[in-house]
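Trainee: Could you take me through one part of this structure, please? I would like a close look at the side of one chain that touches its partner.

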Amino acid sequence: MITEQQVYFFKTFGFLVLKNVLTPAEIKNINKEFLVGLAKMDETKMGTSVRKQYNWTNLGPDSPFTSSLLEDERFYGIAQQILGDDCVGVDSHANQYNGNRSPWHPDIRELGPDQFTGFKFTFYLGPVDGNSGALRVVPGSHCPGFSAEVEKVFLKDNNPGPDDDPGLAVNEVPAHICISEPGDAVIFDYFVWHSSWGGSKDRRMVSLQYYKNPKTPEEKEGMRKMVAFRKNFNKGFKRETKLYPDFWLANPNNNVVRTQWIEQLQKWGFIDAVNA
Amino acid sequence: MIQDNYSLTEEQIKHFEVFGFLVRRNVFTTDEVAKMNEEFDSRRAVLLEGTDPEEKRFFDNWPNRNPETPFISSLLDDPRIYQHSEQLVGEDSVPVHSNANSYSQDSGWHPDRTDHNICTIKNVMYLQPTTADRGALRVIPSSHKNPLHKDLLRIGLRGFKENDSQFLKKSGLCGADIPCYIFESNPGDIITFYEWTWHAAFGGYKDRRTCTFNFYRNPKETDEIAAMQLEVKNYAEETRTLGTVGLQFHPTWLENPDHYPRRERWINWLKEWGFIQAQYK
């Protein structure tokens, strides 16, 4: 659980750093499972962007401990605090980055905050700082007005200006650097602008993703759009396994929370869309 | 007079509008900074002679426009200070404050101004090198605009001293934990920011020095005019509260011996609004 002030912090700045959420033994376990997933990757599965990213789901049988974190009170409890008791754990990914940067972007541009609310936990499996690939965020940029303003700024990588003034490099955008040690986690809103700078090969990151259960007509319409968006988005990754493997859907331990989530994801049409 | 072109590019202006601040590096030379420090030393020494040593002051500050600091005083007439300021807040903008500041401790998070009917910018130059741990100015990007500007007020972040901030007290965080851009600088670098932008500095030490040059947008709309009238009305009290020593608009500066047309326009504007008269109240 987080304090009232931490909730304010997250809502105001769009992110929150949590220290020592996972123990060294747990990180060791996650790394072990990570290597099993990584062994199944080859160059054909590497993303083509400057991130040079491998991405795979943690919900398969190779990573039972990492998979269980989505339902872990340390994460799910915080998600409930922020998104409501009936929020849904949607995804857990493993990522290996081999590029020296991730250009600035918010994770969602297609919807507004009146249509969709959600966030992800990220935790790096090695220490990262401003020059070795730590997450950078523009605090407050999850707010629509600010986000629209950032869209206007020329960015060398993905929104370049003219040749004589191509715009800002990743490390020139004013930002907060989320310095992190293994065991720390960063929560960030899907709408917040983020990036990384100075990463080298084999930068490992795990994410856990949660969505608010839509209630208003705008939110329900937003979820319909999100399902369509995720269907197309996932085509961009060269994955062999389904995002929701049969192992996870079978829910072998009959976890009550997971049962509710699967029902909800099916109701939204999410599983069929992303597994297609 | 320096004749170089110190205009901002469109992208620099956009950066300022979006993030609420802009950094320019190496605007003044090492020799010029040395001259500023020399004048700063002598002026500070004179002022400290008249100060009660037992008095615990948060910071000492005095206006630059006086004959004892001729070089610093002349900076307002230098395009490196006025040209970009006019680009950012209007060709008819006016420098109302030009101060030297000697801080004795940290500055907690605050905006200089919360009323969006008065548009002012502040140019700040540190006369010593600064780092994150040693007095560098920190700014929260885009906090000049709502909702972020108001959200920070609402959560109780404001406190000129760290202990004054209700948010920091309740959260157990320190000022340095608040996400921001840190302006690590060398003397000669300048940061310009809207006075609505939230800022702070930590790792303060005795006699942490800045020179500041504040430009006001010429008010046009009814609400802006009313806000400026209130500003003039409160001017003397504000100056006393800040402990500013000496006249902001010294008679020698008002004489404008070199007949600079820009300064002439400024003086006329300051007279029209009543700022010059207000400094004697």
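Mentor: Happily; here is that contact side, followed by the core and the partner chain. This is a predicted model, in which local features need pLDDT of at least 70, side-chain atom pairs count only at pLDDT 80 or more, and totals for chains, interfaces and linings use all residues. Residues are numbered from 1 along each chain as its sequence is written, with chains lettered from A and ligands numbered from 1 in the order in which they are written.

On chain B, 21 residues are in contact with 21 residues of chain A (contact: C-beta atoms, placed from the backbone, within 7 Å). Helix 1 (10-19), helix 5 (148-154) and helix 6 (166-171) of chain B are the elements that each give two or more residues to this side (helices: DSSP runs of H or I, at least four residues, numbered from the N terminus). Helix 1 of chain B gives the most, with five residues. By class, this side of chain B has 12 nonpolar, four polar and five charged residues (nonpolar: Ala, Val, Leu, Ile, Met, Phe, Trp, Tyr, Cys and Pro; charged: Asp, Glu, Lys and Arg; polar: the others, Gly among them).

Now for the core. The largest nonpolar core has 134 residues, and A:Phe15, A:Val137, A:Ile187 and B:Val139 have the most contacts inside it (core: buried Ala, Val, Leu, Ile, Met, Phe, Trp, Tyr and Cys residues joined through C-beta atoms within 7 Å; buried: 20 or more other C-beta atoms within 10 Å of a residue's own). Leaving aside neighbours within four places in sequence, A:Phe15 is in contact with residues including A:Val137 and A:Ile187.

As for the partner, 43% of the 276 residues of chain A count as buried.

Notes:
Two residues are in contact if their C-beta atoms, placed from the backbone, lie within 7 Å. A residue is buried if 20 or more other C-beta atoms lie within 10 Å of its own, exposed if 12 or fewer, and partly exposed in between; C-beta atoms are placed from the backbone.
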